[in-house]
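Open the model in your viewer and keep the selection tool at hand. Each stop below says what to select and what is there.

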Amino acid sequence: MKLIYLWVENYIHIKEQGYLLNAGYDVKYDRDGERHKLSISEKDNIDGMLYGDKIAVTAIVGDNGAGKSTLLDAIRTVLFDKDKRGKEITGFLVWEDRGNLALFPFMEKKWKIETEVEVSKWLPDDFNLIYYP
C-alpha cells in the first residue's frame, strides 16, 4: 500500500490543504462551491536511476513551526485513530494498492467528489508506522 494524497479539511492548524505523498502521481483537487473534482494520473517519467523501479521517495521539509510534525500527526491519526477520524480531523486520503487507487473520505458532512478513483468505505489496516514526534 502506498499513500498518494491527503486532503485535510480541518485539523489543528491545517485548514483546506492538500499534500502529495507520492512523487509518482499528479493529483489535482478542485473545489468550486458544492462541486468537488479529483483527478489523478500516474507519472511515467520518474528517474529509475535515482529512485529505482517504481520506488517513490517523499520528504517533508520546512522551517521550524511550519507544520511538519502536525502533518505527520494527521497522517498517523487518519491511519490509526478511528475515533478521531471525521471528528477531530476531516478530509480524505487516496492510496494505491497493487495498481488500484482508492479514496477514503473521513468527514462530518459527505461531499460528492467527482473522480474516477474508487471510493472506499474502509481503510486497510495491514500496514506499519514508525513515528518519531
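The tour starts with confidence, then goes from strand to strand.

**Confidence**

This is a predicted model, so begin by colouring the chain by pLDDT. The average for the protein chain is 85, and 85% of the residues score at least 70. Select residues 48–51 next: this is helix 1, which has the lowest mean pLDDT among the elements of the chain, at 58. Strand 2 has the highest, at 95.

**Strand 1 and its two partners**

Select residues 2–11, which make up strand 1. Seven of these ten residues are buried, so the strand is largely enclosed by the rest of the structure. Add residues 14–20, which are strand 2. Strands 1 and 2 are antiparallel and are paired over six bridges. To find one pairing position, pick Leu 6: its bridge partner in strand 2 is Tyr 19. The two strands form a hairpin with two residues between them, and there Ile 12 has a positive phi near 50 degrees.

Now add residues 90–97, strand 5, which also pairs with strand 1. This pairing is antiparallel too, and it has seven bridges. Pick Trp 7 and look across to strand 5, where Phe 92 stands opposite.

**The aromatic cluster**

Keep Trp 7 selected. Which residues form one aromatic cluster with Trp 7? They are Tyr 5, Tyr 29 and Phe 92. Show their side chains together. In the whole structure, a search finds five aromatic pairs. One of them, Trp 7 with Tyr 29, is edge-to-face, with 4.8 Å from centre to centre and 65 degrees between the planes. This pair connects distant parts of the chain, since Trp 7 belongs to strand 1 and Tyr 29 to strand 3, 22 residues apart.

Are Trp 7 and Tyr 29 buried or exposed? A residue counts as buried when its relative accessible area is under 20%. Trp 7 has 8%, so Trp 7 is buried. Tyr 29 has 11%, so Tyr 29 is buried as well.

**The three-stranded sheet**

From Tyr 29, extend the selection to the whole of strand 3, residues 25–32. Then add strand 4, residues 35–42, which pairs with strand 3 in the antiparallel sense over eight bridges. Arg 31 marks one position in this pairing; its bridge partner in strand 4 is His 36. These strands belong to an open sheet of three strands in the order 3-4-7, with mixed pairing. Strand 3 and strand 7 (113–114) are at the edges with a single partner strand each, so one side of each has no neighbour in the sheet.

**Strand 6**

Return to strand 5 and add residues 100–106, which are strand 6. Strands 5 and 6 run antiparallel and are joined by seven bridges. One of the positions to check is Glu 96, whose bridge partner in strand 6 is Leu 101. Strands 5 and 6 form a hairpin with two residues between them, and in the turn Arg 98 has a positive phi of about 55 degrees. Five of the seven residues of strand 6 are buried, so this strand is largely enclosed by the rest of the structure.

For the last stop, select residues 118–119, strand 8. Strands 6 and 8 run parallel and are joined by two bridges. Here Ala 102 stands opposite Glu 118 in strand 8.

Terms used: Residues are numbered from 1 along each chain as its sequence is written. This is a predicted model: local features need pLDDT of at least 70, side-chain atom pairs count only at pLDDT 80 or more; totals for chains, interfaces and linings use all residues. Side-chain values use heavy atoms; hydrogens and water are left out. Buried means under 20% relative accessible area, exposed over 50%, partly exposed in between (1.4 Å probe, protein chains only). Helices (H or I, at least four residues) and strands (E, at least two) are DSSP runs, numbered from the N terminus. Two strands pair if DSSP finds at least two bridges between them. Rings of Phe, Tyr and Trp (its six-membered ring) pair if their centres lie within 6.5 Å; planes under 30 degrees apart count as stacked, over 60 as edge-to-face and the rest as tilted. pLDDT is the predictor's confidence in each residue, from 0 to 100.
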